[in-house]
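Hi everyone, thanks for coming. Today I'd like to walk you through a few parts of one structure, step by step. Please have a look at the screen.

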Amino acid sequence: MTGEKNLEALLAALHPELRKGEYVYVLWPHGRPLAPGIEAAVREAEGLTVVLPRAEADSLGLHYDFVAAWITLQVHSELEAIGLTAAVGKALTDAHISCNVLAGFHHDHILVPVADAARAIEALAELSAESRHQPRPALVLRDETQADRGAILKLTAEAFAVSPATGLPAVGEPAEVGVLRQLFECEEYLPQFSIVAELDGEVVAHVISTRGWVEEHELLGLGPIGVTPRLQRHGIGSALMNETISRANAAGESGIALLGSTEYYPRFGFVPARSLGVLPPEDVWSDNFQLLPLAVWPGGVHGRFRYAEPFNGL
């Protein structure tokens, strides 16, 4: 069968398919007979590199560092086709996903970090849709409703399956899910600051801000904020942050406090809360406790921040 050479046709027909299982790269021991489970191999001057299922490598006692998901690009490209690898690589780079490419006779194959598999599939599907001139569904930001809560709790569990504090998988239900469940029912709940992002009718992200205080001065305490994993790093979290800030200014709120990344949140204007005289609820939070002074920030606000009551159980 003759393969396709035209890049636009290749991208339009592109269908990324996730192969079952986890795969690893291994430097095969010199002189050892090849095992039947090997899926790909490359001979180099330094030795033989093989790709095989992780379980197979474990059973053989072989060392590896990179655990990958295997995505097959279900479009038949000619080996002479120009631009497909570059286009796929750019789409994954834009999504901040590393990739390794294997070219077969019939298909190209992409190995990405196993944790990024769902996002990689999404990024490649979007690449194909763009090539077919299909418009992306518009992102809708709106108030959360009672009917949304099941979807919100589910995406929050998925978003915090790996703890942002420790980098380790959560044991059981992530703490953020339990806190969020209580925030929906607490006295400090502010319905206009519980915002969902909806894409093509699906709730894909959520942020909540509840009433907090420094002494008697009212502020907002933001969090948790969660985006379904396959759509992380697509700007949806930033859209929710900007919407929260816009609503807070319109409502006459004076400031927003949060605990989070010192690399991410300063882009929205957050600074270490201590620099404004506001102390974190716990001293160990240090500079990760940040504050955004809004348009009516009065100055002269000093003291320790108090979150809504459900946060006391953390």
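Let me begin with a definition: the expected span of a helix is 1.5 Å times one less than its number of residues. Keep in mind as we go that what you see is a predicted model.

Now take helix α4, which covers residues 117-131 and so has 15 residues. How far does α4 reach from its first C-alpha to its last? The distance is 21 Å, close to the 21 Å expected. Many positions in α4 are listed as buried, among them A117, A120, L124 and L127. The list of buried residues in α4 also includes R119, E122 and E126.

Let's move along to a pair of helices. Helix α5 is made of residues 149-159, and helix α6 of residues 175-183. Their axes come within 8 Å and cross at roughly 155°. Angles over 145 degrees count as roughly antiparallel, so α5 is roughly antiparallel to α6. The crossing of these two helices, α5 and α6, is right-handed.

Which residues meet there, between α5 and α6? From α5 we have I152, L153, T156 and A157, and they meet E176, V177, L180 and R181 of α6. Sorted by type, the residues of this contact are five nonpolar, one polar and two charged.

Stay with α6 for a moment. Its buried residues are V177, G178, V179, L180 and L183. And what covers the buried residues of α6? The cover includes α5, together with β9 (202-214) and β10 (217-227).

That brings us to β9, the strand where T210 is found. Is T210 buried or exposed? T210 has 0% relative accessibility, and because buried means under 20%, T210 counts as buried. Leaving out residues up to four places away in sequence, T210 touches L183, E188, Y189, L190, L219, L220, G221, A308 and F311. You may remember L183 as one of the buried residues of α6.

My last stop is the loop between β9 and β10, where E215 is found. E215 has a relative accessible area of 48%, and since partly exposed runs between 20% and 50%, E215 is partly exposed. How many residues apart in sequence are E215 and F305? They are 90 residues apart in sequence, and 7.4 Å apart in space, C-alpha to C-alpha. Setting aside neighbours within four places in sequence, E215 is in contact with H302, G303, R304 and R306.

That's my tour, and thank you for listening!

How values were computed
Residues are numbered from 1 along each chain as its sequence is written. This is a predicted model: local features need pLDDT of at least 70, side-chain atom pairs count only at pLDDT 80 or more; totals for chains, interfaces and linings use all residues. Side-chain values use heavy atoms; hydrogens and water are left out. Helices (H or I, at least four residues) and strands (E, at least two) are DSSP runs, numbered from the N terminus. Buried means under 20% relative accessible area, exposed over 50%, partly exposed in between (1.4 Å probe, protein chains only). Axes are lines fitted to C-alpha atoms, for helices over the stretch in contact, and angles run from 0 to 180 degrees between N-to-C directions. Angles under 35 degrees count as roughly parallel, over 145 as roughly antiparallel, 65 to 115 as roughly perpendicular and the rest as oblique. A crossing is left-handed if the near helix is turned anticlockwise from the far one by less than a right angle, and right-handed if clockwise. Contact means heavy atoms within 4.5 Å. Ala, Val, Leu, Ile, Met, Phe, Trp, Tyr, Cys and Pro count as nonpolar, Asp, Glu, Lys and Arg as charged, and the others, Gly among them, as polar.
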